[in-house]
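Here are a few exercises on how the chains of a model touch and where its charged side chains pair up. Have a go at each task before you read the worked solution.

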Amino acid sequence: MAIKTEPFVLNIGPVHPSTHGVFRMRATLDGEVVLDIEPVIGYLHRGIEKLAEQRTFTGFIPLTDRLDYISSMSNNMAYCMAVEKLAGVKVPERAQYLRVIIAEMQRIANHLIANGSFLNDCGAYFTPFLYMFREREKVVDLFEMLSGQRLTYNFMRIGGLSQDIPDEFLPALRRFLDKMPAFIDEYDRLLKENEVLLARTRGVGIITAEKALNCSISGPVLRSTGYSWDLRKADPYLLYDRFNFDVPVGMQGDCYDRFRVRMEEMRQSVRIIEQALKDLPLKGAVRADVPQRLHPPKGEAYAHIESPKGELGFHVVSDNSIAPYRVHIRPTSLLNLTALREMVRGWKVADLIVIFGSIDICLGEVDR
Amino acid sequence: MMMPDFGTGARIALAPLPPDWPGGFWWHWLFFTVLVLAFVLSMVMGVIYIERRVLARMQSRLGPNRTGPFGLLQAVADAVKVLIKENIVPAAADKVVHWLAPVVAFAPVVMVFAVVPFANGALLADLNIGILYVVAVSSIASVGIFMAGWGSSNKYALLGGMRDVASIVSYEIPLVLAILGVVLVAGSLSLNDIVQAQQNIPFILVQPLGFLLFFTAACAEINRSPFDLLEADSELTAGFHTEYSGMKFAMFYLVEYAEALAVSAVVATLFLGGWQGPVLPPWLWFLGKVFFVFLVMVWVRATMPRVRIDQLMAFAWKCLFPLALLNLLLTAAEVALWPGAMPLIVIPINFAIAGLLIIIWSKFFKLGWGRVEV
Amino acid sequence: MTIALSGTELGKRLAEKFPGSIVESIPDCLLVNPSLLPEVAGFLKDIPDLDFNYLNYITSVDYYEYFEVIYRLTSTKYNHSIVLKARCYDRENPVLPSVTELWQGANFQEREIYDLMGIRFEGHPNLKRLLLWDGFAGHPLRKDYL
């Protein structure tokens, strides 16, 4: 005998511990079962695209930090690459190597937060989160050594980096690299076969490769479906065609796969940094000669990178003035949310949080 | 000696008082009432401190270490803080229920300690149905929690309250069945007698499966991690006490830890030999065992993610319930086979059977049912 | 490396298939007639030897005389890409057909363009403001805003 039930609307967010910022979902529930959700965003909208039109090309770089503030370096880099493409600036090789190293360090830092907070969403009371923060702290220390900042680095410049690396950076990075694989092994030992974690995430929030591609989903979420699409391989930028690395893919596109893909990507990032360190030219410029009042020729350019969260691109339009005519940011986090509604329907409230957490979004990038 | 009169047919006999207590029944009653209240309130502060420090060490951080020596006064400072905080009652709340809920939740937890022996005979009331009383009284706390969930007129709180009722209803059964095994072996429902029956062997060795079942079910009943669904902070913000603040929130906080303490005490009494132990005084043995059980709970909390509500239900009905029945059957057979004292051979047999059953169940038992078509 | 397909070649093919659909084809991009945009996009998506299954992004630029909406499509199978552009000359009530039917990924982006640039997408299932609140006056990304 079925009990007569009535659906009710539960407002999750914008102030809720598990929405990774100020995301809001209007969820229609039948008891514990999610019937439907409607994402409501815009609580962190600062009009960054409009602000860009009031700034010089270089002056916009600090604002890109505020997009996906978990991985500011990647944002800096993607924007600089777009402007370099537009202005035809050639980046020195040493700067390119350093960019690769920094981008991969940023990937490690981002995935540590992503997986840590994902496990927090699963209800693991902060232990994995703090374990992973312990290592993220080391990456952030290294970034502080480079830029003096711990969150919004503002380190990349059009044509290279803002300054050369300090002498103590490379030995410190070396020490970090030596330890990191052991730390990843530790997480694996603790979490890979944790019975409760498997029960909570295996088969939950499945998305197929076709659906993911149709929804413009990219990054680890797309790769977890088993579809190997990584811009570092598909459309190599910087020097990524020189390095040996694998693209980890999942089996069926569930939350567990997304978690595992991120874990494996950290290992691959360590591998890439090792190779880049080996080939890094010890001397040389880290910035191309770019005029201070850069005014690229009229036209438009799009450059995209495989940021930790997925395809991050900047579409920059220039009218030959010192300010960009229009900057469009391809928001990875926003587009990865497209399929959220399909993914969570029919699951429980608890799964809604887990699936949302496994997508790994940053509200700074969703709302811009 | 005075005897309370409960009417005919329900006459509950009190065990003779230990000789070293001065005065008669009322002095005993007064002394232990004060003792139990003081014990619960001070120990709750103690276990909060222990949990925060131990959890912090397990999570590679320091935990509270600024207030007083080693941060010992942190719990006191927190208590003072919540006392002077504003008490907010939501406009749409059912005021009476909202006010009453913390009291209804708190009282039964303290009542549990009335029958827990701190040393031989050192307990408020040595009821001959002691463990039954514990089971009966401890469930009342969930009424208070559901009142909080319902009376707050908040959807998160309501979801939390409903989860609590669901888990209590399900887990009470394996809990009681696991206790029955101990009762069969000890031959008594009185907690003091159960402790005395563990003179030689603590029941954790005779009842390994029963211990695991009881511990798991008790953790689920008091909503310790990984079964802390009713206040699942990542899903329901704070669950049933979302709308509580100030002292009323502190009461729920107190309930949570007092329940954990009660379960630790009951586990120590039923399975670990209570106050029994060599050299040290009995009450110290008892306290040590309580803390040990509590530390295991903290450890589990630091290790496990949270289960889902359907998995919680499935775990109770498909895993714990049949295992508890089998355990009861097995124990009954053993008791019938060896009346009087059990031979030591029972211990390895029971461990082997427990291991085998757990392996079989973990292989063939499916947790939850996952997605629902909508 | 993702190969950027030449707009001129593809334009020729599309012009044969859908007469009048291509306004201009330069190597960088294809300028598509807005009224035939869904047909062209659907053709690009479904034809096996092009197979543009991935919509990278949609964006819009305000050039005062017209709005330009830019679609970047990628085929993950053949690893090639193409840029489509459509222009809207009506400033008061710019309308374009929606491509949400073809690529669900367009859903949020078209809402965002509607929100910030004020271009309405016909056929969008839920065309509401995305980032700003309902009742916000104006469309901030337009050049004449402020």
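A salt bridge here is a side-chain nitrogen of Lys or Arg within 4 Å of a carboxyl oxygen of Asp or Glu. This is a predicted model, where local features need pLDDT of at least 70 and side-chain atom pairs count only at pLDDT 80 or more, while totals for chains, interfaces and linings use all residues. Residues are numbered from 1 along each chain as its sequence is written, chains are lettered from A and ligands numbered from 1 in the order in which they are written, and side-chain values use heavy atoms, with hydrogens and water left out.

**Exercise 1.** Work out which chains share the most contacts, and what lies between chain B and chain C.

*Solution.*
- Step 1: take contact as heavy atoms within 4.5 Å. Two pairs of chains are in contact, and chains A and C share the most contacts.
- Step 2: try chain B against chain C. No contact joins them, and their closest C-alpha atoms lie 20 Å apart.

**Exercise 2.** Describe the interface of chain C and chain A: its area, its charged pairs and the elements of chain C that build it.

*Solution.*
- Step 1: count residues. Chain C brings 42 residues into contact with 38 residues of chain A.
- Step 2: get the area. Buried area is the accessible area (1.4 Å probe) that two parts lose on being put together, summed over both. For chain C and chain A that comes to about 3300 Å², with 51% of it on carbon and sulfur atoms.
- Step 3: look for charged pairs. The rule finds four salt bridges across this interface. C:K85 and A:E300 make a salt bridge, with their closest N and O atoms 2.8 Å apart.
- Step 4: find the elements, using helices (H or I, at least four residues) and strands (E, at least two) as DSSP runs numbered from the N terminus. On the side of chain C that touches chain A, β4 (54–62), β5 (67–75) and α3 (106–117) of chain C are the elements that give two or more residues. β4(C) gives the most, with nine residues.
- Step 5: sort by type. Ala, Val, Leu, Ile, Met, Phe, Trp, Tyr, Cys and Pro count as nonpolar, Asp, Glu, Lys and Arg as charged, and the others, Gly among them, as polar. That side of chain C splits into 20 nonpolar, twelve polar and ten charged residues.

**Exercise 3.** Now do the interface of chain A and chain B, and say which three residues of chain A supply 19% of the area it buries there.

*Solution.*
- Step 1: 40 residues of chain A are in contact with 31 residues of chain B.
- Step 2: about 3000 Å² is buried between them, and carbon and sulfur atoms give 59% of that. The three residues are A:E32, A:Y125 and A:K348, which supply more of chain A's share than any other three.
- Step 3: there are two salt bridges between chain A and chain B. A:E32 turns up again here, in a salt bridge with B:R163 whose closest N and O atoms are 2.6 Å apart.
- Step 4: β1 (8–12) and α5 (127–147) are among the elements of chain A that each supply at least two residues of the side touching chain B. β1(A) has the largest share, five residues.
- Step 5: by type, that side of chain A has 23 nonpolar, ten polar and seven charged residues.

**Exercise 4.** Take three salt bridges within chains and ask of each: where do the partners sit, and are they buried or exposed?

*Solution.*
- Step 1: set the scale. Buried means under 20% relative accessible area, exposed over 50%, and partly exposed in between (1.4 Å probe, protein chains only). Over all chains the structure holds 50 salt bridges.
- Step 2: A:E135 and A:K138 pair up at 3.4 Å, N to O. Both lie in helix α5 of chain A, three residues apart, about one turn of the helix. A:E135 is buried at 0% relative accessible area, whereas A:K138 is partly exposed at 26%.
- Step 3: A:K309 and A:D360 meet at 4.0 Å, N to O. This pair links distant parts of the chain, 51 residues apart, with A:K309 in the loop between β6 (299–307) and β7 (310–318) and A:D360 in the loop between α14 and α15 (363–367) of chain A. Both residues are buried.
- Step 4: B:R224 and B:E51 meet at 3.1 Å, N to O. B:R224 lies in the loop between α9 (208–221) and α10 (233–236) of chain B and B:E51 in helix α1 (residues 25–58), so the pair ties together parts 173 residues apart in sequence. B:R224 and B:E51 are both buried.
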